[in-house]
Amino acid sequence: MRIAIIGAGFGGMAAAYDLRSSGHEVIIYESADYVGGLASGFKELNWEWSVEKFYHHWFQSDKYMLGLIRELGWEDKVIFPRPLTVMYYKGKFYPFDSIVKMALFPGLGFGLDKIRFGFVGLFLRLTNNWKALEKVTADSWMLKWAGKNVYEKMWKPLLIGKFGPFYRDVNMAWMWARIKARTTRLGTFEGGFQNFANLFAEKLRGMGVEIRLGARVESIKREQDKLIVRSDGKSESFDKVLVTTSPNLMAKLSPDLPENYLKGLLELKSMGAVVMVLALKHQLSEEGYYWFNLPKEAGYPMLALVEHTNFVSKEHFGGDHIVYAGDYLEVGHEYFSMSDQQLLDRFAPAFKKFNPAFERDWVKKVWVNKTNYAQPVPLVNHSKNIPAIQTPIEGLYFASMSQVYPWDRGTNFAVEIGRRAARMMK
Ligand SMILES: Cc1cc2nc3c(=O)[nH]c(=O)nc-3n(C[C@H](O)[C@H](O)[C@H](O)COP(=O)(O)OP(=O)(O)OC[C@H]3O[C@@H](n4cnc5c(N)ncnc54)[C@H](O)[C@@H]3O)c2cc1C
């Protein structure tokens, strides 16, 4: 078969790998002039490694991603340091990435609340019955089982941070998936995620996959027994097409989809993200903390502060200290229209809270990355609303972050759904 894949993110490339391995002719259209999609990175001249535009790491439980890397023979390039994650409590940060550290965290006291926190965590880790959990909101389930105090101190800030105005509507299966599929050890690829994406693209090209960069697809239409892909004013025909963009874009690319499928795509909710990457002259967290969870009510102008060079060595970045400051936001939030300088003015005063010695002249350079589609929002009984991978148009398939449910989005599940779509197409 002659197959087109729209998008050279991890999902599209994983699908291309399997389809080409089975002998099909595969062409990938990618609108950007690089591969890697949301997990892509960039590199300054004095850096050996790239930095992801949006902070990225793997979990040890990411079996689809790590399995693919093993198949490709690059497992020796995956590293799993043990960075420190901290939680805010009354103006201070406390390590929060192991059972012992959680037990010592002062934010929940040392009585019944801590026991409830522990039992709820254990239950969620052990149960596989997410179908029961998706029937209720995380807000109501947590209030009932973890209790008001534990919920308001631990889980509510996480929900508000990720989902903003939708935080009360997110179902409990999302929370279950987060707790179930995560580990404290975090991994990356030598050279950064972009290095992996580039090596993977090279491998695909070597196998005969054509990757067209800077090729934005404008429409996909069924004409007799072929699918016609239109890009840069030219049309080409294919037997099958896999789209890996956001649901919104899918609806625009293929308006001939039946009304109920289109409606399903357009009704899916998601959050965008704005993430600033900073190159600093000095280390921000001298305690060596990697990930700061920041509750919105503590007044921070961002949800997460991530010091990348407390995860991998600054030597890979010519001695620069790399810090991310980011937030999940509804599209239309003021951060989307602010200039890099305005956003830095908003964020910079908060950096003193991580290191009182911080001065504005520590900032060597900033890059701001924005995306409308960063985090799907799963509502109650969401499994009924997932668009099918095989669309009602014959030969047209769709695999996106919004369909990896009950799991939360991530490169691991992009690989899984890409490979699942490839199996269906074969
Ligand atoms: C802030 C943030 C933090 C994250 N952190 C992590 C993390 O720590 N670990 C992790 O594993 N994952 C993380 N993720 C999620 C991860 O990036 C995604 O799940 C994954 O990259 C999705 O891959 P994909 O192939 O499904 O889609 P994408 O990467 O979005 O790929 C789709 C591709 O389609 C292309 N495209 C769009 N429209 C067109 C068109 N018309 N024509 C041609 N091409 C088009 C796009 O340019 C893009 O390259 C994070 C995401 C965000 C936003």
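By class, seven nonpolar, four polar and four charged residues make up the lining of the second largest pocket in this predicted model. That pocket has a volume of about 240 Å³, and of the 15 residues that line it, Lys263, Gly264, Glu267, Leu268 and Asn385 are the closest to its centre. Helix α11 (residues 259-267) contributes the most to this lining, with five residues.

Enclosed space is described separately: a search of the whole structure finds one cavity of 30 Å³ or more. The largest cavity holds about 80 Å³ of space, and its lining divides into seven nonpolar, three polar and two charged residues, including Trp174, His382, Trp407, Asp408 and Arg409.

Aromatic contacts form a further topic, with 41 aromatic pairs found in a search of the whole structure. Phe10 and Phe196 form a tilted pair, 5.4 Å centre to centre with 55° between the planes, and this pair links helix α1 (residues 10-21) to helix α9 (residues 193-207), 186 residues apart. The rings of Phe93 and Phe354 have centres 5.6 Å apart and planes at 25°, so this pair is stacked; because Phe93 lies in strand β8 (residues 92-95) and Phe354 in the loop between α12 (340-351) and β19 (363-377), the pair ties together parts that are 261 residues apart in sequence.

The relative accessibility of these four residues is as follows.

| Residue | Relative accessibility | Class |
|---|---|---|
| Phe10 | 4% | buried |
| Phe196 | 0% | buried |
| Phe93 | 14% | buried |
| Phe354 | 6% | buried |

Phe10 and Phe196 also belong to a cluster linked by ring pairs, which includes Tyr17, Trp58 and Trp74. Elsewhere, the charged end of Lys353 sits over the ring of Tyr300, 4.7 Å from its centre.

Notes:
Residues are numbered from 1 along each chain as its sequence is written. This is a predicted model: local features need pLDDT of at least 70, side-chain atom pairs count only at pLDDT 80 or more; totals for chains, interfaces and linings use all residues. Side-chain values use heavy atoms; hydrogens and water are left out. On a 1 Å grid over the protein atoms alone, a cavity is a set of points where a 1.4 Å probe fits but cannot get out, and a pocket is an open set with protein on both sides within 12 Å along at least five of seven lines; lining residues have an atom within 4 Å of a point. Grid points are joined across faces, edges and corners, and a volume is the space filled by probe spheres set on the points. Helices (H or I, at least four residues) and strands (E, at least two) are DSSP runs, numbered from the N terminus. Ala, Val, Leu, Ile, Met, Phe, Trp, Tyr, Cys and Pro count as nonpolar, Asp, Glu, Lys and Arg as charged, and the others, Gly among them, as polar. Rings of Phe, Tyr and Trp (its six-membered ring) pair if their centres lie within 6.5 Å; planes under 30 degrees apart count as stacked, over 60 as edge-to-face and the rest as tilted. Buried means under 20% relative accessible area, exposed over 50%, partly exposed in between (1.4 Å probe, protein chains only). A charge sits over a ring if NZ of Lys or CZ of Arg is within 6 Å of the ring centre and within 35 degrees of the ring normal.
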